[in-house]
Amino acid sequence: MGFLTEFREFAVKGNVMDLAVGVIIGGAFGKIVDSVVKDLIMPLVGKAVGGLDFSNYFILLSEPPKNYTGPMTYEALTKAGVPLFAYGSFLTVLLNFIILALIIFIMVKQVNRLKRQAPAAPAEPPATPEDIQLLREIRDALRRDKA
């Protein structure tokens, strides 16, 4: 079997579409988690450790140019082209990953739990009411008498 034939069979099976949907949803979900970490969790962590902002944790790898008069923040120094060892940004991304992994673990655990539950047995049809049963018997008796 040729390479192109194998690839076509792989693509037609639906694996590619499932993967594409997963990547798109994962990207959107990643943005949500980034916002949760950046806008909700990191301010609380910063408050707990004395109001520190992790994004401004960095080490200058070289001095800014002599004519640089801007603030000594990560954003300003990065725009000025100063090389930085930005471990605060790394800590933020690492925290994003840990939270995302935890959320995905909880979701997978719940889906697996739901899959393990036995499907509910089909409900028994309700018993035929007595008046309906009597009408059926009368109908059957009339049919017998005609025959």
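Which helix does T78 lie in? T78 lies in helix α3. The model is predicted. This briefing covers the nonpolar surface patch, the nonpolar core, the salt bridges, the aromatic pairs and two long separations. A search of the whole structure finds two salt bridges, and the structure also holds three aromatic pairs.

**Nonpolar surface patch**

- A nonpolar patch on the surface is formed by I59, L61, F85, Y87, F90, L91, L94, F97 and I98.
- Together, these residues have about 880 Å² of accessible area.
- Helix α4 spans residues 87-116 and gives the patch its largest share, six residues.
- L91 has its place in helix α4.
- L91 counts as partly exposed because its relative accessibility is 33%, and partly exposed covers the range between the 20% and 50% cut-offs.
- Y87 is another member of the patch; at 32% relative accessibility, Y87 is also partly exposed.
- In soluble globular proteins, nonpolar side chains tend to be buried together.
- Here, by contrast, the nine names listed above sit in a patch on the surface.

**Largest nonpolar core**

- The largest nonpolar core has six residues: V33, V37, M42, F54, Y57 and I99.
- Helix α2, residues 15-48, supplies the largest share of this core, three residues.
- M42 touches V37 and F54, and also T92 and L95, with residues up to four places away in sequence not counted.
- V37 and F54 are, like M42, members of the core.

**Salt bridges**

- E75 pairs with K79 in a salt bridge, and their closest N and O atoms are 3.8 Å apart.
- That distance falls inside the cut-off for a salt bridge, which is within 4 Å.
- Both partners, E75 and K79, lie in helix α3, which covers residues 74-79.
- E75 and K79 are four residues apart, about one turn of the helix.
- Are E75 and K79 buried or exposed? Both are exposed.
- A salt bridge also joins the side chains of D140 and R139, at 3.3 Å from N to O.
- D140 is partly exposed because its relative accessible area is 30%.
- R139 is partly exposed too, with a relative accessible area of 38%.

**Aromatic pairs**

- The structure holds three aromatic pairs.
- One of them joins Y57 and Y87, with 5.8 Å centre to centre and 45 degrees between the planes, a tilted arrangement.
- Y57 lies in the loop between α2 and β1 (59-60), while Y87 is in helix α4, so this pair ties together parts that are 30 residues apart in sequence.
- F58 and Y74 form a tilted pair as well, at 6.5 Å centre to centre with 50 degrees between the planes.
- F58 is in the loop between α2 and β1 and Y74 is in helix α3, so the pair ties together parts 16 residues apart in sequence.
- F58 is buried because its relative accessible area is 16%, and buried means under 20%.
- Y74, its partner, counts as partly exposed at 28% relative accessibility.
- Which residues form one aromatic cluster? Y57, F85 and Y87 do.
- Of the cluster residues, Y57 is a member of the largest nonpolar core, whereas F85 and Y87 belong to the surface patch.

**Long separations**

- T78, in helix α3, is partly exposed, with a relative accessible area of 41%.
- The C-alpha atoms of T78 and A121 are separated by 63 Å, and the two residues are 43 residues apart along the chain.
- F10 lies in helix α1, residues 3-12.
- F10 counts as partly exposed because its relative accessibility is 39%.
- Between the C-alpha atoms of F10 and V45 the separation is 46 Å, with their places 35 residues apart along the chain counted as the distance apart.

Conventions. Residues are numbered from 1 along each chain as its sequence is written. This is a predicted model: local features need pLDDT of at least 70, side-chain atom pairs count only at pLDDT 80 or more; totals for chains, interfaces and linings use all residues. Side-chain values use heavy atoms; hydrogens and water are left out. Patches are made of residues with over 30% relative accessible area and no salt bridge: like charges are joined within 9 Å, nonpolar side chains (Val, Leu, Ile, Met, Phe, Trp, Tyr) within 5 Å. Accessible areas come from the Shrake-Rupley method with a 1.4 Å probe; for residues, only the protein chains shown count as cover. Helices (H or I, at least four residues) and strands (E, at least two) are DSSP runs, numbered from the N terminus. Buried means under 20% relative accessible area, exposed over 50%, partly exposed in between (1.4 Å probe, protein chains only). A nonpolar core is a set of buried Ala, Val, Leu, Ile, Met, Phe, Trp, Tyr and Cys residues joined through side-chain atoms within 4.5 Å. Contact means heavy atoms within 4.5 Å. Rings of Phe, Tyr and Trp (its six-membered ring) pair if their centres lie within 6.5 Å; planes under 30 degrees apart count as stacked, over 60 as edge-to-face and the rest as tilted.
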